[in-house]
Amino acid sequence: MAGTLKFELVTPERMALSQDATQVVVPGLEGDFTVLPGHAPVISALRPGVVDVTLPDASKARIFVKGGFAEVNPQQLTVLAERALDVEAMDAGTIAAELAVAEADFAAAADDTARLAAAAAVAQLRGLQRA
């Protein structure tokens, strides 16, 4: 379809999502970035955060990812995520459980990189908890 790119979200367990999108906002390690059809090729590490997908019918999908990588080319965006959860399907119990894991990861972090990733996950999950 013209004006779209193929978006795929893959976790170690499964292909979580594969469909056309008009725009995808990705939580890159250096900050969020928007991918549109025709985007220049890039590979980026991801920090924990929400991937916002705009579909061709203007509906939206929001997926919480816990780190990973994104590979962009002009026709496609592939996100390889350590973990992915549909934000709409997350209830208070799921968010609380994920937050407990993130807080434990933060407490056990052995270096600055692990601490920063865990802190980002905690912040994003607390934001989802309030929403």
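Contact means heavy atoms within 4.5 Å. Helices (H or I, at least four residues) and strands (E, at least two) are DSSP runs, numbered from the N terminus. The model is predicted: local features need pLDDT of at least 70, side-chain atom pairs count only at pLDDT 80 or more, and totals for chains, interfaces and linings use all residues. Residues are numbered from 1 along each chain as its sequence is written, and side-chain values use heavy atoms, with hydrogens and water left out.

**Exercise 1. The helix pair**

Task: Describe how helix H1 and helix H2 pack against each other.

Solution.

Step 1. Start with the general rule. Two packed helices are described by the angle between their axes and the distance between the axes.

Step 2. Take the axes. They are lines fitted to C-alpha atoms, for helices over the stretch in contact, and angles run from 0 to 180 degrees between N-to-C directions. H1 covers residues 92-108 and H2 covers residues 112-130. Their axes come within 8 Å and cross at roughly 155°.

Step 3. Classify the angle. Under 35 degrees counts as roughly parallel, over 145 as roughly antiparallel, 65 to 115 as roughly perpendicular and the rest as oblique. H1 and H2 are therefore roughly antiparallel to each other.

Step 4. Find the hand. A crossing is left-handed if the near helix is turned anticlockwise from the far one by less than a right angle, and right-handed if clockwise. H1 passes H2 in a left-handed crossing.

Step 5. List the contacts. H1 brings Ile95, Ala96, Glu98, Leu99, Ala102, Glu103, Asp105 and Phe106. H2 answers with Arg115, Ala118, Ala119, Ala121, Val122, Leu125, Arg126, Leu128 and Gln129. In the contact of H1 with H2, eleven residues are nonpolar, one is polar and five are charged. Here Ala, Val, Leu, Ile, Met, Phe, Trp, Tyr, Cys and Pro count as nonpolar, Asp, Glu, Lys and Arg as charged, and the others, Gly among them, as polar.

**Exercise 2. One residue of H1**

Task: Is glutamate 103 buried, exposed or partly exposed, and which residues does it contact beyond its neighbours within four places in sequence?

Solution.

Step 1. Fix the classes. Buried means under 20% relative accessible area, exposed over 50%, partly exposed in between (1.4 Å probe, protein chains only).

Step 2. Apply them. Glutamate 103 has 34% relative accessibility, so it counts as partly exposed.

Step 3. Look for partners. With neighbours within four places set aside, glutamate 103 contacts Val122 and Arg126.

Step 4. Add a distance. From glutamate 103 to arginine 115 it is 10.0 Å, C-alpha to C-alpha, across twelve residues in sequence.

**Exercise 3. The two faces of E8**

Task: Which residues of strand E8 point to the buried face, and which strands pair with E8?

Solution.

Step 1. Recall the pattern. In a regular strand the side chains alternate between the two faces of the sheet.

Step 2. Sort E8, residues 68-73. Gly68, Ala70 and Val72 point to one face and are buried. Phe69, Glu71 and Asn73 point to the other and are not.

Step 3. Find the partners. Two strands pair if DSSP finds at least two bridges between them. E5 and E8 are antiparallel, with five bridges. Isoleucine 43 has glutamate 71 as its bridge partner. E8 and E9 (residues 76-81) are also antiparallel, with six bridges. There, valine 72 stands opposite leucine 77. A hairpin of two residues joins E8 to E9.

Step 4. Check a residue in E5 (residues 42-46): serine 44. Serine 44 is at 17% relative accessibility, so it counts as buried. Among the residues it touches are Gly68, Phe69 and Ala70. Phe33 is also a contact of serine 44.

Step 5. Turn to phenylalanine 33, in strand E4 (residues 31-35). Its C-alpha atom is 9.8 Å from that of serine 44, eleven residues apart along the chain. Its contacts include Ser44, Ala70 and Val72.

**Exercise 4. E6 and its turn**

Task: How many residues of strand E6 are buried, and where is alanine 58?

Solution.

Step 1. Count. In E6 (residues 49-54), five of its six residues are buried.

Step 2. Pair. E3 (residues 23-28) joins E6 by three bridges, running antiparallel. E6 and E7 (residues 60-65) are antiparallel over six bridges. Aspartate 52 is the bridge partner of valine 25, and aspartate 52 also stands opposite arginine 62.

Step 3. Locate the turn. Alanine 58 is in the loop between E6 and E7. Its phi is near 75°, a positive value in a residue other than glycine. Alanine 58 is exposed, with a relative accessible area of 58%.
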